[in-house]
Amino acid sequence: MDVYGLIGTPIEHSLSPPMHEAAYEALDMDARYVTFEPDPSDGARAVEAAATLGLDGLNVTIPFKESVLDVVDPDPLAERIGAVNTVAFEDGRPVGYNTDATGAVRALRDHAGALSGNAVVVGAGGAGRAITVGLADAGLSVDVVNRTVERAHEVAALVDDARGHGLDALGSLVPEASVLVNATSVGMESSETPVPAKHLHADLTVLDAVYQPLETQLLSDAAAAGATTVDGGWMLLYQGVAAFEHWTGADPPVDAMRQALRADLTEN
Ligand code: NAP
């Protein structure tokens, strides 16, 4: 039997197990996906333990995405972002990937087609870093907007064509943008929005990384403005799909994974 896992804390409400196990079932794979909650100081040791025990792949979530870099060989994208959410054991060697970046870009392309022009990324934490690098690599010019402006500058410095700003820049940037991403936690289990509705417009594609609830206030305002909306469930799906690809090399059963994830997201 193949065993895949996830390390993080807290982990009890993770949506990854049903999504990955739906893929194993769809492909008739003899595999399980197990969650582990190590002490927050033990991320690197947990990856070493997974390698020793012969796990076939590992997902990594908060608070371990940065600390596991000490014990994996990051691929160039994960190295630039400075965070890993997927570890594959390639000839026993742990290799780190960041599928949050590729997952966000795939979610946007799925809904908007080809991406071009200017993107505004609100948030400069882990998700903001990954999405900024992903969008810049996809050819967009990026403005990073964050409550703590110093962090926005740090994230913008990761790529060539990006600038950092404070929240007061939203009013001038969003009306000119083609893509808007919320990579803050604002809107999670609340009706707050990080971007005032008056700045939204019909030529925008809006991705909200928040997935609880799926329809955030930002997405509801964006839909009312005629924008194309992409909920955080799509990013979550495609980061999982990319992890599955790294681990198995198989063609992922995207529909089965999407259905399992949506069932869980709408239940919770
Ligand atoms: P994080 O590293 O803790 O960063 C949090 C970000 O939110 C920072 O930019 C922070 O600004 C900002 N923020 C927090 N409270 C704020 C407020 N009241 N007003 C304005 N800005 C505020 O978290 P993360 O890992 O990047 O995650 C961010 C969100 O993305 C979470 O909701 C997470 O669930 C979601 N996410 C989704 C996926 C997916 O697959 N859909 C993947 C990863 C993350 P400061 O720097 O000023 O503190």
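User: How far does a backbone N or O atom of alanine 209 lie from a nitrogen atom of the ligand?
Analyst: This is a predicted model, where local features need pLDDT of at least 70, side-chain atom pairs count only at pLDDT 80 or more, and totals for chains, interfaces and linings use all residues. Residues are numbered from 1 along each chain as its sequence is written, and side-chain values use heavy atoms, leaving out hydrogens and water. A polar contact is a pair of N or O atoms within 3.5 Å, and for alanine 209 and the ligand the distance is 3.0 Å.

User: What share of the ligand's accessible area does the protein cover?
Analyst: On its own, the ligand has 930 Å² of accessible area (Shrake-Rupley method, 1.4 Å probe). Of this, the protein covers 76%.

User: Which helix gives the most residues to the shell around the ligand?
Analyst: Helices here are DSSP runs (H or I, at least four residues; strands are E, at least two), numbered from the N terminus. Both α5 (126–137) and α9 (232–248) supply at least two shell residues. With three residues, the top contributor is α9.

User: And in strand β10, what is the bridge partner of valine 181 in β11?
Analyst: Strand β10 (residues 179–182) has both faces covered, with Val179 and Val181 buried on one side and Leu180 and Asn182 on the other (buried: under 20% relative accessible area, 1.4 Å probe, protein chains only). It runs parallel to β7 (residues 118–122) over four bridges (pairing needs at least two DSSP bridges), where valine 121 stands opposite valine 181. Four bridges also join β10 to the parallel β11 (residues 205–208), and there the partner of valine 181 is leucine 207.

Terms used
Buried < 20%, exposed > 50% of the residue type's maximum accessible area, 1.4 Å probe, protein only. Polar contact = N/O pair within 3.5 Å; in protein donor to acceptor, adjacent residues only side chain to side chain.
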